[in-house]
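Me: I am new to this structure and would like to go through it in short questions. Please show it first.

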Amino acid sequence: MNFELPEELKMLKETLRRFVDNELIPIERETLDGAKLKPESEKWLNEKAVELGLWQFDVPEEHGGLGLGLLAKTVVWTELNRSIALPTRLPEIFGGASPILYNLNETQQERYLKPVLDGKLKTAFAQTEADAGSDPAAMRTSAVRDGDHYVLNGSKRFISNALGADFFQVIAVTDKEKAQRGGISTILVDADAPGVTLLREQELITDDKPWEILFEDVKVPAENLVGKEGDGFKLAQSWISTGRIRHAARGMGIITRCLEMATTYANDRVTFGEKLADRQAVQWMLVDMYTHLHQLSLMVYHAAAKYDRGEDIRNEAFMCKVFGDTKSFEAADNCMQIHGGLGLTKELPIERFWRDQRSMIITEGPTEVLKMALARQVLKEYG
Amino acid sequence: MKVLVAIKRVIDYNVKIRVKSDETGVETTNVKMSMNPFDEIAVEEGVRLRENGSAEELIAVSIGPKQAQETIRTALAMGADRGIHVETDDEVEPLAVAKLLKALIEKENPDLVVLGKQAIDDDSNQTGQMLAALVGWSQGTFASELEVADGKAKVTREIDGGLETIQINMPAVVTTDLRLNTPRYASLPNIMKAKKKPIDESSPADLGVDISARLATLKVTEPSSREAGVIVEDVAELVDKLKNEAKVI
Ligand SMILES: Cc1cc2nc3c(=O)[nH]c(=O)nc-3n(C[C@H](O)[C@H](O)[C@H](O)COP(=O)(O)OP(=O)(O)OC[C@H]3O[C@@H](n4cnc5c(N)ncnc54)[C@H](O)[C@@H]3O)c2cc1C
């Protein structure tokens with residue numbers, strides 16, 4: 001049993017650590033405009049990705065990317081997330097695409113996937129509705145087949161990156177009777193199709209500005225259906241676990257940075273004649289961060305290595321996301337507490353970690369819902 | 001042309017150094033180690049010579065414990081062709097390193113040896129100069145620019161108060177200063193390639209070099225901490241303090 005990263009991944013981790021220290025952290029407050037990269041930052045970052053040999057690291061080989069294994073990807077995600085320089089919710093960092101798009105057929109790939117990978121088209125994923133969040137099967141947006149097209153009706157909310165998107169990956173009901181058992185499909189909808197309206201931008205505590213979108217009698221060509229009718233949720237299963245590991249890997253990066261910042265500050269700051277670092281109340285916060293980071297690393301590396309061996313990691317992925325998001329939020333919270341008022345300022349990255357990680361506990365599966373799903377497995381396994 | 005670079009594994013430049021409580025040295029257990037920054041510049045320079053066609057082969061040498069191989073692997077990922085590891089757990093003083101490098105030079109016959117001007121752990125700044133003397137080669141130390149052509153090397157040296165440009169005959173020993181270049185990141189494909197590049201292993205005994213210490217370290221202590229300064233009201237108070245407290249005037 002070997003708990004160490006392979007030598008080449010250690011070296012990759014080391015290289016990225018330095019890249020982030022030397023090049024991202026010094027400019028981390030200047031790269032973004034809201035939740036998105038400024039065009040000049042994006043250009044610079046893409047060049048760096050090429051220099052580091054990490055351009056399209058998250059893109060499968062058959063689509064021209066590096067096709068890195070999950071373990072290698074966790075290393076990249078962890079290290080890049082030690083800084084707030086990069087957007088929180090964009091899959092396209094270093095040239096990527098959202099995973100649904102790798103399931104497109106050849107014609108669809110030419111029209112939608114390739115331009116996304118070339119940076120020519122932008123896209124957004126639209127699943128959530130007012131009455132269907134954690135429980136997407138309750139969705140009402142419908143796509144009804146009518147000859148050579150579908151007619152789409154309904155509304156979506158909390159859709160990240162909707163503004164500026166050229167097309168949406170819409171999840172919609174194609175068969176009410178079957179619902180989540182084969183009644184839900186994925187369909188690509190051009191943003192400029194008649195009947196598509198961006199209704200309202202939603203202001204959040206995070207810098208994301210997701211949108212509410214309205215679809216009214218939108219005619220979508222039938223060839224824009226992804227996979228087969230009713231495949232909507234099945235497609236999602238192919239990447240949902242790796243998405244959860246990504247959350248946890250991101251959490252590792254954030255806990256690492258919080259630990260670095262909190263220990264440095266605790267060593268410097270003197271109150272009532274003593275360093276914060278000499279107070280047990282503060283020491284315990286630091287030790288908890290340290291322990292959680294260790295636990296999370298073991299969990300994430302184990303799950304990723306298992307996935308790379310071709311095994312199922314559904315349960316591991318639940319645990320990783322829940323543990324990673326909650327413990328990284330806790331680390332940001334304690335790091336903020338140790339920094340006092342400074343922790344709340346926009347001069348330090350802590351407040352952004354804190355806001356982002358709070359949101360992660362809700363999005364892409366709230367903790368309670370993941371635990372509910374995991375509980376079913378636990379009851380089956382031990383009951 | 002064949003180029004040899006010498007690289008040392010040292011405590012990472014970001015680490016806050018702590019002296020061992022028994023004052024025999026500095027704490028190295030559980031401390032992050034990495035390649036001496038000046039040596040990284042040496043590797044980068046070698047890789048550039050390799051890329052612009054001046055050099056046909058770049059060899060990275062490290063002397064030290066088993067883990068020094070990780071440092072060699074980093075040099076290989078940056079672009080060195082192969083590595084040589086001289087394994088020893090003993091402390092090696094600059095003279096011992098210079099003798100070991102001399103032995104390797106005799107085996108490998110390089111035309112140019114590039115070293116960092118000093119290692120950030122002991123700051124000796126001696127190995128390059130000693131090596132040049134031992135092998136009887138020309139030396140260009142503290143290089144901030146290096147041009148190699150027609151069996152000669154033009155070296156711009158950082159000296160007190162300015163830059164000095166010298167031309168030396170090859171073979172030569174060059175030591176690097178900070179401004180010579182900015183080392184590259186080892187890219188992922190090169191990290192993967194580095195896995196397959198060979199590292200020769202040997203020992204000081206294999207090379208017939210006696211590395212026993214010529215110096216005895218009596219003790220290692222923390223620098224004394226500075227006391228906080230005070231702001232004086234006026235010149236009169238300053239003069240008074242200098243005279244009566246500091247007793248310097
Ligand atoms: C910044 C941001 C970006 C987003 N981007 C997108 C996007 O791009 N595309 C998209 O489709 N969606 C997006 N979303 C939506 C997001 O995925 C949903 O908000 C999330 O799934 C939760 O759904 P909900 O808000 O409707 O909460 P609900 O489903 O109403 O749940 C509310 C709370 O109830 C609790 N709960 C729910 N079910 C259970 C249960 N069974 N047992 C116990 N407790 C339960 C949980 O604590 C949960 O937090 C985004 C959201 C945010 C905040």
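What follows is a set of questions and replies on the domains, the ligand shell, one helix, the chain contact and the core.

Me: What kind of model is this, and how are its parts numbered?
Reply: Residues are numbered from 1 along each chain as its sequence is written, with chains lettered from A and ligands numbered from 1 in the order in which they are written. Local features need pLDDT of at least 70, side-chain atom pairs count only at pLDDT 80 or more, totals for chains, interfaces and linings use all residues, and the model is predicted.

Me: Into which domains is chain A divided, and how far apart are the C-alpha centres of domain 2 and domain 3?
Reply: Domain bounds here come from an automatic or database domain assignment. Chain A is divided into domain 1 (7-101), domain 2 (123-226) and domain 3 (233-382). The C-alpha centres of domain 2 and domain 3 of chain A are separated by 31 Å.

Me: Which residues come nearest to the ligand?
Reply: A residue is near a molecule if its C-beta atom, placed from the backbone, lies within 6 Å of it. The shell draws at least three residues from each of domain 2 and domain 3 of chain A. Of the 23 residues around the ligand, those that come nearest are Gln127(A), Thr128(A), Gly133(A), Ser134(A) and Glu368(A).

Me: Against which elements do the buried residues of α1(A) pack?
Reply: Helices are DSSP runs (H or I, at least four residues), numbered from the N terminus. Buried means 20 or more other C-beta atoms within 10 Å of a residue's own, with C-beta atoms placed from the backbone; in α1(A) this holds for residues including Leu9(A), Leu12(A) and Val20(A). These buried residues pack against α3 (70-80) of chain A, and against α2 (68-78) and α5 (188-194) of chain B.

Me: Which element gives the largest share of the side of chain B that touches chain A?
Reply: Two residues are in contact if their C-beta atoms, placed from the backbone, lie within 7 Å. On that basis 12 residues of chain B are in contact with 10 residues of chain A. Two or more residues of the chain B side come from each of α2 and α5 of chain B. The largest share is 5 residues, from α5(B).

Me: Which helix gives the most to the largest nonpolar core?
Reply: A nonpolar core is a set of buried Ala, Val, Leu, Ile, Met, Phe, Trp, Tyr and Cys residues joined through C-beta atoms within 7 Å. The largest has 157 residues, and Cys258(A) and Val5(B) have the most contacts inside it. With 13 residues, the helix that gives the most to this core is α5 (residues 232-268) of chain A.

Technical notes. Buried ≥ 20, exposed ≤ 12 C-beta atoms within 10 Å, placed from the backbone.
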